[in-house]
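Me: I would like to go through a structure feature by feature. Please show me how to read each one.

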2 protein chains.
Amino acid sequence: MPTPHHDTCRAPARIEGRATWQVGRAQARAAGLLSSGFEAHGDGLRGYHYRLLAALEEWGPASQADLGRRTGIDRSDVTAALNELESRDLVARSVDPAHRRRNIVTITPAGIERLLALDEVVDGVQEAFLAPLTAAQRRQFLALLSRINDAQAPRINDAQC
Amino acid sequence: MPTPHHDTCRAPARIEGRATWQVGRAQARAAGLLSSGFEAHGDGLRGYHYRLLAALEEWGPASQADLGRRTGIDRSDVTAALNELESRDLVARSVDPAHRRRNIVTITPAGIERLLALDEVVDGVQEAFLAPLTAAQRRQFLALLSRINDAQAPRINDAQC
DNA sequence: TGCTTATGTTGGCCGTACCAACATCGACAG
DNA sequence: CTGTCGATGTTGGTACGGCCAACATAAGCA
């Protein structure tokens with residue numbers, strides 16, 4: 001992604017003061033940092049792939065549909081992302097012997113290795129993103145964000161959680 | 001926009017704790033609320049149009065290129081959005097007598113009226129978005145966001161500010 | 001005068017998120 | 001056992017925001 005600037009000369013006052021606008025700017029900044037990081041050290045992988053690798057490493061092998069439900073990624077997008085991961089030998093698909101229609105996706109040792117490398121990239125991005133805040137402010141910021149996100153979130157797929 | 005859920009069952013822990021992830025979730029929520037609001041009371045208008053109307057009302061008539069620079073919207077997108085605003089008689093284009101290549105865009109009384117109506121929609125969204133926070137927490141949240149956004153922001157177009 | 005810059009416009013690209021349709025397989029009711 | 005229903009993986013398409021390239025034209029300046 002080519003670094004969204006999103007801001008130029010300061011938005012109109014009625015917009016600049018809005019929380020939704022500020023959140024949008026912050027997210028644009030975060031997305032820019034992330035995609036720069038992935039572009040530099042990610043071998044063409046992006047957020048989708050990182051989320052899927054992380055889910056596989058933390059929760060173990062799963063079917064594609066389960067992966068989609070757990071990560072909030074659409075089934076069709078899971079398929080596409082897994083194709084790219086599989087072509088790099090970072091995950092392996094195998095047919096479930098019980099349900100022959102289902103694929104069991106497993107993360108490979110190379111996948112874990114790449115995941116750990118991406119972890120460091122993402123950690124570096126966090127540091128850059130939160131740089132203007134002190135440690136106490138970062139805790140506050142995360143706490144407020146969590147409060148907003150937890151209290152809300154329409155939560156559509158609440159199956160098997 | 002059909003209400004992004006983005007979250008399903010809690011992301012992997014290594015992602016859930018990241019500030020960039022939380023900001024993304026918050027922004028997804030904000031965008032969903034905004035597009036719901038615009039969809040319900042906006043007569044087909046969206047963020048682009050609101051930003052342009054606000055810029056015109058606050059800074060007065062301007063050329064399309066200036067509008068683009070001030071709002072951070074690309075020239076080509078400004079053209080498209082202005083076409084829709086003009087077709088609703090919310091703005092008027094007139095050729096600058098000095099620079100015959102330039103259009104002077106003016107907000108019409110109907111445009112101001114619509115802008116005020118959209119202001120209320122957007123205000124309602126802010127309220128919904130910040131609902132889980134107390135007044136003091138909202139101030140903190142905005143202050144932290146401003147600190148992050150102001151300290152950073154690569155600022156590419158810094159001309160005439 | 002000619003060269004360069006700025007403007008508005010058209011058309012296109014990319015990434016994220018969705019949705020619809022399809023063939024296939026399992027499970028379960030009758 | 002059969003038929004129906006649901007779930008799965010896949011393909012293909014949509015929408016939207018953001019961005020870029022190219023173009024014709026007008027202004028400004030050398």
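Me: Which backbone atom lies 2.9 Å from a phosphate oxygen of DNA strand D?

Reply: Start with the atom pair and ask what each partner belongs to. In this predicted model, a backbone N or O atom of A:Asn103 is 2.9 Å away from a phosphate oxygen of DNA strand D. A:Arg93 reaches a phosphate oxygen of DNA strand D with an N or O atom of its side chain, at 3.0 Å.

Me: What part of DNA strand D does the side chain of A:Ser76 approach?

Reply: A base: an N or O atom in the side chain of A:Ser76 is 3.5 Å from a base oxygen of DNA strand D.

Me: How many residues are around DNA strand D, and which come nearest?

Reply: There are 26, with A:Gln64, A:Ala65, B:Tyr48, B:Ser76 and B:Arg101 nearest. On the DNA side, 60% of the atoms of strand D that come within 4 Å of the protein belong to sugar and phosphate.

Me: Which elements supply at least two residues each of that surface near DNA strand D?

Reply: Both chains take part. From chain A they are α4 (64-71) and α5 (75-87), and from chain B α3 (47-59) and α5 (75-87). Sorted by class, the surface near strand D holds twelve charged, ten polar and four nonpolar residues.

Me: Is A:Gln126 buried or exposed?

Reply: Compare its relative accessibility with the cut-off for burial, which is under 20%. A:Gln126 has 8% relative accessibility, so it counts as buried. This residue lies in helix α6 (residues 109-129) of chain A. Apart from neighbours within four places in sequence, A:Gln126 is in contact with B:Arg18, B:Ala19 and B:Thr20.

Me: What span should helix α2 of chain A have, and why?

Reply: Use the rise per residue, then check the ends. Helix α2 (residues 19-41) of chain A has 23 residues, so at 1.5 Å a residue it should span 33 Å; the end C-alpha atoms are 33 Å apart, which agrees. After α2(A) comes A:Asp43, with a positive phi near 55 degrees.

Me: How many helices and strands does chain A have, and in what order do the elements run?

Reply: Chain A has seven helices and three strands. Read from the N terminus, its order is α-α-α-β-α-α-β-β-α-α.

Me: What do the totals for chain A give for burial, contacts and exposed area?

Reply: Of its 161 residues, 44% count as buried. Among contacts with a separation of 6 or more in chain A, 50% join residues 24 or more positions apart. The exposed area of chain A is about 7900 Å², with 52% of it supplied by carbon and sulfur atoms.

Technical notes
Residues are numbered from 1 along each chain as its sequence is written. Chains are lettered from A and ligands numbered from 1 in the order in which they are written. This is a predicted model: local features need pLDDT of at least 70, side-chain atom pairs count only at pLDDT 80 or more; totals for chains, interfaces and linings use all residues. Side-chain values use heavy atoms; hydrogens and water are left out. A residue is near a molecule or strand if one of its heavy atoms lies within 4 Å of it. A polar contact is a pair of N or O atoms within 3.5 Å; within protein, one must be able to donate a hydrogen and the other to accept it, and residues adjacent in sequence count only if both atoms are side-chain atoms. Helices (H or I, at least four residues) and strands (E, at least two) are DSSP runs, numbered from the N terminus. Ala, Val, Leu, Ile, Met, Phe, Trp, Tyr, Cys and Pro count as nonpolar, Asp, Glu, Lys and Arg as charged, and the others, Gly among them, as polar. Buried means under 20% relative accessible area, exposed over 50%, partly exposed in between (1.4 Å probe, protein chains only). Contact means heavy atoms within 4.5 Å. The expected span of a helix is 1.5 Å times one less than its number of residues. Accessible areas come from the Shrake-Rupley method with a 1.4 Å probe; for residues, only the protein chains shown count as cover.
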